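Welcome, and thanks for taking a look at this one with me. Below are a few numbered points to help you find your way around.

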Amino acid sequence: MPQMDGSQSGASDMSSSATARKLDTIDSRPRFTQDDADALNARFEGVDAQTMLRALFAEDELGEIAVVSSFGTESAVLLHLVAKADPAIPVVFVDTLRMFPETLAYRETLIETFGIKNASVVTPNVDVLAEKDPNELRWSFDPDGCCEIRKVEPLARAKNGLDAWISGRKAFQSITRENIARFEVEDGRLKLNPLGNWIKDDLDAYFEEHDLPRHPLEAEGYLSVGCAPCTSKVAPGEDARAGRWRGWDKTECGIHTPIDGSDDADDANNQPVF
Ligand code: SF4
C-alpha cells in the first residue's frame, strides 16, 4: 500500500515552505505491488462494485485517486457508481480536441446530474500538436501516433501525482478485453477496473434502474464513441467497438494497451486492413 508523503501531495501545496521541503524528498518506492493488487482482488471477490467503491473510499488507503472517463456510451455507469460512493473523487477527461460536440455536452450533463464536484480536463500539448499534427490529419495516416500525442501523453501527465486511477474497462467490450482483473498495477500505480466483470446486460440494467442519461449519439448507432474522425456507426450484430478505427488494424488507443508511439507512420500496427 502507498506510503503517502509530501512527494505525492501535488503542486497546490507548494506555497508552504515546510511542504516544499518535503517535496524535495523523492520517494522512489513502488506505491503498489502486484501482491497488493492480488490481495485486493481476493478481498473483493464476489463483492458488488458499489460496495467495493464505498469501502475503498471510506478507508482512504489508496492515496491520490481519480477516475479517468471518456464520457462515452457506457461511462455513465462508472461515474454514477463513483459519485454515489463519493462525489468528491476527481473525474479526469482527456479531451483530444477531436471529440464529438455531443460528447462534450454529455460530459456537462453527467457532471451536473451526478453532482460530480471535482471534474477536470486534460488536453494535448499545443507545441507537440503544432509540430506533429499541424493539419489535424495525423489520425488519417498514423492513428497510433495521433493517439500517442492526443491521448496517451496527456493521460500520463494527468496521472502524475496519482497513486491509483479508476478505469471503465469491461471485459465484454471486445475479444481484446477478456479477463480484466478488478485491480492491476501499472508502473507502481494501482488501476481499478470496477466493471471488469460486468456484462452488457449488467450495464443496461444499471442504466434502466437508475434512469441514467444516454450518450446522444448512441441512438444513432454509435455504440462506442471516441474521437469524431475515428468513430463510425456499428451495424447490427457487430462488436460494439467495431466502429472504432474502422478499416485499421487497431483496436486500442494505447491508454490501456501500450502501442508503439513512434513517429513511424509505416509501423505495422498502423496498416489498414481493408
Ligand atoms: S482516436 Fe483518432 S483522432 Fe483520436 S487521438 Fe486516436 S487517432 Fe487521433
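1. A definition to start with: two residues count as in contact if their C-beta atoms, placed from the backbone, lie within 7 Å. With that in hand, look for helix H8 (residues 143-159), which lies across E1, E2, E3, strand E4 (164-166) and E6. Helix H8 runs at about 155° to E2. Please keep in mind that this is a predicted model.

2. Now for the sheet itself. It is open, has six strands with mixed pairing, and follows the order E3-E2-E1-E4-E6-E5. Its edge strands are E3 (119-122) and E5 (183-186), each of which pairs on one side only. On average, neighbouring strands are turned by 30° against each other, direction ignored. Helix H2 (residues 34-43) also packs on this sheet, where it touches E5 and strand E6 (189-192). The direction of H2 makes about 170° with that of E5.

3. Strand E1 (residues 65-69) deserves a visit of its own. It pairs with E2 (residues 91-94) in the parallel sense over three bridges, and with E4 in the parallel sense, also over three bridges. In E2, Val91 is the bridge partner of Val67 and Phe93 that of Ser69. In E4, Ile166 stands opposite Val67.

4. Is E1 enclosed or open? Five of its five residues are buried, so E1 is largely enclosed by the rest of the structure. Ile65, Val67 and Ser69 point one way from the strand, while Ala66 and Val68 point the other way.

5. Finally, follow the chain: E1, helix H4 (residues 75-85) and E2 make a right-handed β-α-β unit.

How values were computed. Residues are numbered from 1 along each chain as its sequence is written. This is a predicted model: local features need pLDDT of at least 70, side-chain atom pairs count only at pLDDT 80 or more; totals for chains, interfaces and linings use all residues. Two strands pair if DSSP finds at least two bridges between them. Helices (H or I, at least four residues) and strands (E, at least two) are DSSP runs, numbered from the N terminus. Axes are lines fitted to C-alpha atoms, for helices over the stretch in contact, and angles run from 0 to 180 degrees between N-to-C directions. A residue is buried if 20 or more other C-beta atoms lie within 10 Å of its own, exposed if 12 or fewer, and partly exposed in between; C-beta atoms are placed from the backbone. A crossover is right-handed if, with the strands pointing away from the viewer, the path from the first strand over the helix to the second runs clockwise.
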